[in-house]
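Student: I am new to this structure and would be grateful for a close look at a single part of it. Please begin once the sequence and the model are displayed.

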Amino acid sequence: MNLDLGQFNYGADKPGPHQARNELSWRLDPEKSLSDYRIIITTSHEDTPQSKKTSSTTKKKSSKSGEVYHVHKSMLAIGPHNSLYFARLFLSETKLSENASNTSSVELEPSAAKAFPKMLDFIYSSQKGKASGVTSQDAVPLRYLASYFGVEALFEEVNAFIRNDLKFTNAPIYVTEALTYNDEKILDAASVLCAQNVTEIAPETMAELPLKCFRDTLLSPSLQNQRQQNSDIISRHIAAFCRKHDEELDKDILLELTTKEVLPSIAHDEAFFLMSLSREYSLPTTPLDGSKTTLHERCINALSTNWESAVVPGINDKDVVAGDGLGYASLPVETKVELLEAVVKKSGTTASELLCMSCGSFTCGKTDGRCSSCSEYSRTCSFCNKRSCQWQDYSYDPNECPHCDQYN
């Protein structure tokens, strides 16, 4: 039967705010949504020292900052994704200040405070699996919030996300957050991934780890079988970490991270920098047992092994330096001598054969007897064993040595 039963009319030409069909949310105007409770989230930031030379390692608490959330007791306590924390609080027979003031103040780590709105969105959602917007950065903080506030469904949703998301590429992020929240399960899983795939992770990403995380990863047994083969890569990780965390670095930490067992060899492109750290922190240059185990000696070995690309350009041009402004010219005189002696041994020749007597440059890369720097011909006298690029220009006899006047 087709009956005209009229339209709903509550005596207003236009629907007022109270007639809007909004799903209940903490994001609505608190007066219009009849909010009956407040949650104040505060964070305490820690000031870290700026310089190891001017500040102590003591961290100081700064002033707290707060964010107010206007919520609804019914959703928090008995909603589809309720919080056991608030359910017990609201139903408690004990006279609590929170119930009297209808306000809870909770202090959280900054990353958890940032993720708190996502937890509220989940609590207010009526749909299962509504933990949308979870990322690698906030997965561990959300897992902590779910556990702290007793939101079991969110805990399971975040766990499902982490199982699919955790990979070696983002493992350092998980390690950092897991340490912040003392989440041993996540810390163990992510640390193993970091150690097993350290050669695939960018040094800059590894450098983001806190000191304890970085140390535990580098010293992990999972990395043991890779050390010899991938020591150059590991040395780049250590160098990147030392640059970023110089205020936390001290002699004991540097020694622990650069023992021969941890770091058998050094990448030549990081050798000048690591050798500068060895000098700055007064690490030993000669081991007590006489073996080649010090960081200084391994850096010398790396540079002398790759002398043509790592050392010679800096000798021929003092302006040739690494990204840190370090190079051959930055070395102390005694270290230059030590390095040059190592170069001579590694090159399998004599110093006079390496040095151009015309321009004073190292003559690596010469062809047809020409110096790679000045392009002059170079010969060695069979009598005095001195080398010169001036033979071709000697006016009265091209076979007479300009040093000893003997004929060759």
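Student: Which residues are linked in a network of salt bridges? Please examine that part closely and then place it within the rest of the chain.

Tutor: The network links Lys212, Arg215, Asp216 and Glu256. A salt bridge here is a side-chain nitrogen of Lys or Arg within 4 Å of a carboxyl oxygen of Asp or Glu. This is a predicted model, in which local features need pLDDT (the predictor's confidence in each residue, from 0 to 100) of at least 70 and side-chain atom pairs count only at 80 or more, while totals for chains, interfaces and linings use all residues. Residues are numbered from 1 along each chain as its sequence is written, and side-chain values use heavy atoms, with hydrogens and water left out.

Within the network, aspartate 216 and lysine 212 form a salt bridge whose closest N and O atoms are 2.7 Å apart. Both belong to helix H10 (residues 211-218), and because they are four residues apart there, about one helical turn separates them. Helices (H or I, at least four residues) and strands (E, at least two) are DSSP runs, numbered from the N terminus. Aspartate 216 has 29% relative accessibility and counts as partly exposed; lysine 212, at 46%, is also partly exposed. The classes are buried (under 20% relative accessible area), exposed (over 50%) and partly exposed in between, with a 1.4 Å probe and protein chains only.

The whole structure holds nine salt bridges. One of them joins aspartate 121 to arginine 27, with 2.7 Å between the closest N and O atoms. This pair links distant parts of the chain, since aspartate 121 lies in helix H4 (residues 110-124) and arginine 27 in the segment before E1, 94 residues apart. Aspartate 121 is partly exposed at 31%, whereas arginine 27 is exposed at 52%. Helix H4 takes part in a further salt bridge, between lysine 118 and aspartate 138 (2.5 Å, N to O). Aspartate 138 sits in the loop between H4 and H5, so this pair ties together parts 20 residues apart in sequence. Lysine 118 is partly exposed at 28%, but aspartate 138 is buried at 10%.

Helix H14 (residues 295-305) offers a contrasting setting. Nine of its eleven residues are buried, so the rest of the structure largely encloses this helix. Its cover includes helices H13 (268-280), H15 (307-310) and H17 (333-347). Histidine 296, found in H14, is buried with a relative accessible area of 3%. Beyond four places in sequence, histidine 296 has contacts (heavy atoms within 4.5 Å) with Met275, Ser278, Pro284, Thr285, Thr335 and Glu338.

Strand E1 (residues 37-43) is likewise largely enclosed, because six of its seven residues are buried.

Across the protein chain there are 18 helices and seven strands, and 39% of the 408 residues count as buried. The mean pLDDT is 81, with 75% of residues at 70 or more. Among the elements, helix H5 (residues 139-149) has the highest mean pLDDT, 98, and strand E3 (residues 60-61) the lowest, 43. The value stays under 50 over residues 47-63 and over residues 391-396. Where pLDDT is low, the predicted coordinates should not be read in detail.
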